[in-house]
Amino acid sequence: MTSSNPRNEELFDRARQLMPGGVNSPVRAFGSVGGTPRFMVSAKGPYLTDADGKEYVDLVCSWGPALLGHAHPAVLDAVHAAVDRGLSFGASTPDEANLAEIVKERVPAVERLRMVSTGTEATMTAVRLARGFTGRNLIIKFAGCYHGHLDGLLAAAGSGVATLALPGSAGVTEATAAETLVLPYNDLTAVKEAFAAHGQNIAAVITEAAPANMGVVTPGEGFNLGLSRITREHGALLIVDEVLTGFRTGYSGYWGLTGGAPDAAEPWTPDLLTFGKVIGGGMPTAALGGRADVMDYLAPTGPVYQAGTLSGNPVAMAAGVATLTHATRDVYSFIDVRSLELSSALSSALDSAGVDHSIQFAGNLFSVAFGTSANGVHNYADAQAQESFRYAPFFHSMLEAGVYLPPSVFEAWFLSAAHDDTAMNRIFDALPAAAKAAAAAQA
């Protein structure tokens with residue numbers, strides 16, 4: 001039988017001879033859905049094109065950064081102009097402060113900002129900073145929340161760790177793991193008990209603003225507020241990880257929709273936040289920010305060391321400034337509407353096919369969990385207990401119809417400002433057959 005993806009197969013075979021698993025990030029290997037990964041060669045607006053020339057409506061959006069759509073003209077113009085001036089200087093540039101000022105305006109909790117290159121680097125630095133500022137060692141994280149691949153936070157992590165069904169990662173020492181307390185998500189009682197037992201040694205609690213790496217999980221009413229109160233009471237810091245949700249779920253990220261919202265009934269403010277994805281507009285940029293007194297503990301003003309040759313890279317800064325400048329409140333309103341349209345169509349198709357499911361939201365991000373209609377998904381145990389075997393046939397049906405979904409049930413779906421009626425209708429048309437494929441799946 002002639003393959004419909006000969007070039008993709010050829011590229012994957014070659015890549016596996018050169019790179020572990022043939023990829024540079026595990027989820028790209030299609031390990032949980034099977035089949036041949038698609039090698040993308042171009043993108044424009046809401047579409048991707050693979051090495052065999054097939055076009056897909058993209059619902060991954062580079063895991064968030066393509067908020068405006070791929071190859072947005074304003075972002076490309078800014079990047080081209082920056083490239084013409086030079087790729088990297090190893091010195092400060094004006095756009096570093098320009099991007100920091102935009103972030104500070106949108107997220108008032110950020111009094112100081114430090115640019116880095118990856119989300120992992122941002123959370124790693126935030127954890128080190130929290131330990132340096134408090135003089136304590138222990139960190140609380142929640143099962144299913146993913147904060148990058150730093151050693152101390154890989155236990156019971158979401159994202160690729162969940163996709164591969166790994167408990168953590170080999171190579172993490174017992175001593176390192178012992179400095180992290182892993183608690184069930186959405187369980188304030190467990191947090192209070194942990195502080196009662198270890199409060200004098202806990203430097204920080206780190207949490208995703210809204211988890212989106214075990215599928216999307218909505219924080220329970222008052223959960224993040226409760227974390228803020230508990231950490232302040234015990235002199236610990238609250239680190240809110242907005243690497244994925246920041247400037248994606250809303251103008252000011254997920255915190256801006258909740259504790260930082262102008263109409264919040266009970267406002268709360270994190271001590272530190274981490275950002276990535278959208279802040280770089282598709283370029284490798286991330287950041288951490290927060291209270292000035294905490295951030296000023298970073299070198300060169302403080303004793304906590306962090307440095308990076310490519311931190312604040314001028315091309316990446318230009319992409320970030322252009323992306324956030326054009327990511328207006330109207331853009332978020334448009335994506336919010338598209339998200340509701342798609343999640344409603346998805347649920348209707350699954351209902352029509354008799355597939356039990358629930359859909360979880362965090363602003364305009366959402367994900368589907370099969371076999372969870374009775375109680376939904378509130379933590380990692382709920383996410384792992386779903387009928388995940390239904391996702392692979394659902395995914396491949398959509399893929400064959402020209403819709404590129406996240407290749408794991410433990411990931412969020414992303415839309416952009418470029419998803420026009422034509423793109424949306426292609427998705428809607430593909431859903432009924434995919435729902436039937438999910439219904440026919442066997443464990």
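## Helix H14 and its aromatic residues

Tyr-391 and Phe-395 are four residues apart in helix H14, so about one helical turn separates them. In this predicted model, the two rings form a tilted aromatic pair, with 6.3 Å from centre to centre and 35 degrees between the planes. Both Tyr-391 and Phe-395 are buried.

Phe-395 also pairs with Phe-30. Their ring centres are 5.3 Å apart and their planes stand at 90 degrees, so this pair is edge-to-face. The contact links distant parts of the chain: Phe-30 lies in the loop between H1 and S1, Phe-395 in helix H14, and their positions lie 365 residues apart in the numbering. Phe-30 is buried, as is Phe-395.

These residues belong to one aromatic cluster, made up of Phe-30, Phe-361, Phe-366, Phe-370, Tyr-391, Phe-394, Phe-395 and Trp-413. The structure has 16 aromatic pairs by the rule applied here.

## Nonpolar cores

In soluble globular proteins, nonpolar side chains tend to be buried together. The largest nonpolar core here has 110 residues, and the members that touch the most others are Phe-142, Phe-394 and Trp-413. Helix H15 (residues 421–440) provides the largest share of this core, with eight residues. A second, separate core has 21 residues, among them Ile-139, Leu-150, Leu-272 and Val-304.

What does Trp-413 touch, leaving aside residues up to four places away in sequence? Its contacts include the aromatic residues Phe-366, Tyr-391 and Phe-394. Leu-59, Leu-342, Leu-346, Leu-365, Val-368, Leu-405 and Pro-406 are also touched, as are Asn-364 and Ser-367.

## Salt bridges

A search of the whole structure gives 14 salt bridges. One of them joins the side chains of Glu-400 and Arg-38, at 3.5 Å from N to O. This pair again connects distant parts of the chain, 362 residues apart: Glu-400 is in helix H14 (residues 391–400), and Arg-38 is in the loop between helix H1 (6–18) and strand S1 (40–44). Arg-38 is buried, with a relative accessible area of 10%, whereas Glu-400 is partly exposed at 46%.

Arg-338 and Glu-341 form a salt bridge within one helix, with their closest N and O atoms 2.9 Å apart. The two residues are three apart in helix H12 (residues 329–352), which means that about one helical turn separates them. Is each partner buried or partly exposed? Arg-338 is buried, with a relative accessible area of 9%, and Glu-341 is partly exposed, with 31%.

Salt bridges with shared partners also join Arg-232, Asp-271, Arg-291 and Asp-293 into one network. Within this group, the side chains of Arg-291 and Asp-293 meet at 2.6 Å, N to O. Arg-291 counts as partly exposed at 22% relative accessibility. Its partner Asp-293 is partly exposed too, with a relative accessible area of 40%.

## Arginines over Tyr-251

Which residues lie over the face of Tyr-251? Arg-106 does, at 3.9 Å from the ring centre. Arg-329 lies over the face of Tyr-251 as well, and its distance from the ring centre is likewise 3.9 Å.

Technical notes
Residues are numbered from 1 along each chain as its sequence is written. This is a predicted model: local features need pLDDT of at least 70, side-chain atom pairs count only at pLDDT 80 or more; totals for chains, interfaces and linings use all residues. Side-chain values use heavy atoms; hydrogens and water are left out. A salt bridge is a side-chain nitrogen of Lys or Arg within 4 Å of a carboxyl oxygen of Asp or Glu. Buried means under 20% relative accessible area, exposed over 50%, partly exposed in between (1.4 Å probe, protein chains only). Rings of Phe, Tyr and Trp (its six-membered ring) pair if their centres lie within 6.5 Å; planes under 30 degrees apart count as stacked, over 60 as edge-to-face and the rest as tilted. A charge sits over a ring if NZ of Lys or CZ of Arg is within 6 Å of the ring centre and within 35 degrees of the ring normal. A nonpolar core is a set of buried Ala, Val, Leu, Ile, Met, Phe, Trp, Tyr and Cys residues joined through side-chain atoms within 4.5 Å. Contact means heavy atoms within 4.5 Å.
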